Amino acid sequence: MASDDEAEPVSHTITEYCFVDDKDEPISFSELPVQWNESESLDDKKKMIFLNGKSDIQKIYKQVTAWKFDISGSKPEISVLSKEKNWITLQKPRKSFEHTVRTILITVHSLHYLEKNPGTSGKALWDHLSKTFSLYEAKPSENDLVDHVNLITEAIKRNEALGKAK
């Protein structure tokens, strides 16, 4: 397993991931600071969070320091920044970890959909999210966004298309 102490190359895409804190308890990557752009410095919250997952070639266990999302493509992309300053793209969480990251994934997918469809109705958004998260036990709802209002507000400030969304 590749760890921070080893100089092995790390794949930049991780599947079957989870995050744990320094007590080995599951934690969402959204507990990390958001890196909105490369020129901004991150706040100095030094919460110890570790990514545990699989790349194409190896298992990965890395300390991570920040996260970001990109909603400009055909699908939203979420990445975390390793302690060594490498961005690692997250694919699919472990089944047992889905509940832990469910609300932040729904939030990022909501932002992505609204950027691409700023004139859409609320019903169309929830229909899209229900389809996207159909394999999850609970259907997405407005309650899933509540914990991420600050993130949503900041994303709207930084993205003109989101500012125009109904």
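Trainee: Which residues of α1 and α2 meet each other?

Mentor: On the α1 side they are Ile106, His109, Ser110, Tyr113 and Leu114, and on the α2 side Ala124, Leu125, His128, Leu129 and Thr132. To be in contact, residues need heavy atoms within 4.5 Å. The model is a predicted one, where local features need pLDDT of at least 70 and side-chain atom pairs count only at pLDDT 80 or more, while totals for chains, interfaces and linings use all residues. Residue numbers run from 1 along each chain as its sequence is written, and side-chain values use heavy atoms, with hydrogens and water left out.

Trainee: How do the residues in the contact of α1 with α2 divide by class?

Mentor: Six are nonpolar, four are polar and none is charged. Here Ala, Val, Leu, Ile, Met, Phe, Trp, Tyr, Cys and Pro count as nonpolar, Asp, Glu, Lys and Arg as charged, and the others, Gly among them, as polar.

Trainee: And what makes a stretch a helix or a strand?

Mentor: Both are DSSP runs, numbered from the N terminus: a helix is H or I with at least four residues, and a strand is E with at least two. Helix α2, for one, spans residues 122-132.

Trainee: Why is α1 called oblique to α2?

Mentor: Start with the values: they pack at an angle of about 130°, and their axes are 10 Å apart. The axes are lines fitted to C-alpha atoms, for helices over the stretch in contact, and the angles run from 0 to 180 degrees between N-to-C directions. Under 35 degrees is roughly parallel, over 145 roughly antiparallel, 65 to 115 roughly perpendicular, and the rest is oblique. The angle falls in that last group, which makes α1 oblique to α2.

Trainee: Then why are α1 and α4 called roughly parallel?

Mentor: Their axes cross at roughly 20° and come within 11 Å. Set that angle against the cut-offs, and α1 and α4 are therefore roughly parallel to each other.

Trainee: Which handedness does the crossing of α1 and α4 have?

Mentor: α1 passes α4 in a right-handed crossing. The near helix is turned clockwise from the far one in a right-handed crossing, and anticlockwise by less than a right angle in a left-handed one. α1 passes α2 in a right-handed crossing too.

Trainee: Which residues meet where α1 touches α4?

Mentor: Ile104, Thr107 and Leu111 in α1 meet Leu151, Ile152 and Ala155 in α4. By class, that contact has five nonpolar residues, one polar and no charged ones.

Trainee: How do you know that the buried residues of α4 lie on the same side?

Mentor: Those buried residues are Leu151, Ile152 and Ala155, in a helix that runs over residues 149-158. They cover an arc of only 100° around the axis, which puts them on the same side of α4. The arc is taken from the directions from the helix axis to the C-beta atoms. Asn150 and Lys157 are exposed, on the face turned away from the buried side.

Trainee: What do the buried residues of α4 pack against?

Mentor: They pack against β3 (59-70), α1 (98-116), α3 (143-146) and α5 (160-163).

Trainee: What puts the buried residues of α2 on the same side?

Mentor: Those are Leu125, Trp126, Leu129 and Ser130. Their arc around the axis is only 130°, which puts them on the same side of α2. The face turned away carries the exposed Lys123 and Lys131, while the buried residues pack against α1 and α3.

Trainee: Why is Trp36 called partly exposed?

Mentor: Buried means under 20% relative accessible area, exposed means over 50%, and partly exposed is in between (1.4 Å probe, protein chains only). Trp36 has 26% relative accessibility, so Trp36 counts as partly exposed. Trp36 is in the loop between β1 (13-21) and β2 (49-54). Leaving out residues up to four places away in sequence, Trp36 touches Phe69, Leu151, Glu154, Ala155 and Arg158.

Trainee: And why is Asp22 called exposed?

Mentor: Asp22 has 53% relative accessibility, so Asp22 counts as exposed. Asp22 also has its place in the loop between β1 and β2.

Trainee: What is noted about the phi of Asp24?

Mentor: The phi of Asp24 is positive, about 65°, although Asp24 is not a glycine. Most residues other than glycine have a negative phi. Lys85 likewise has a positive phi, of about 75°, and is not a glycine. Lys85 sits in the loop between β4 (77-82) and β5 (87-90), and its relative accessible area of 58% makes Lys85 exposed.
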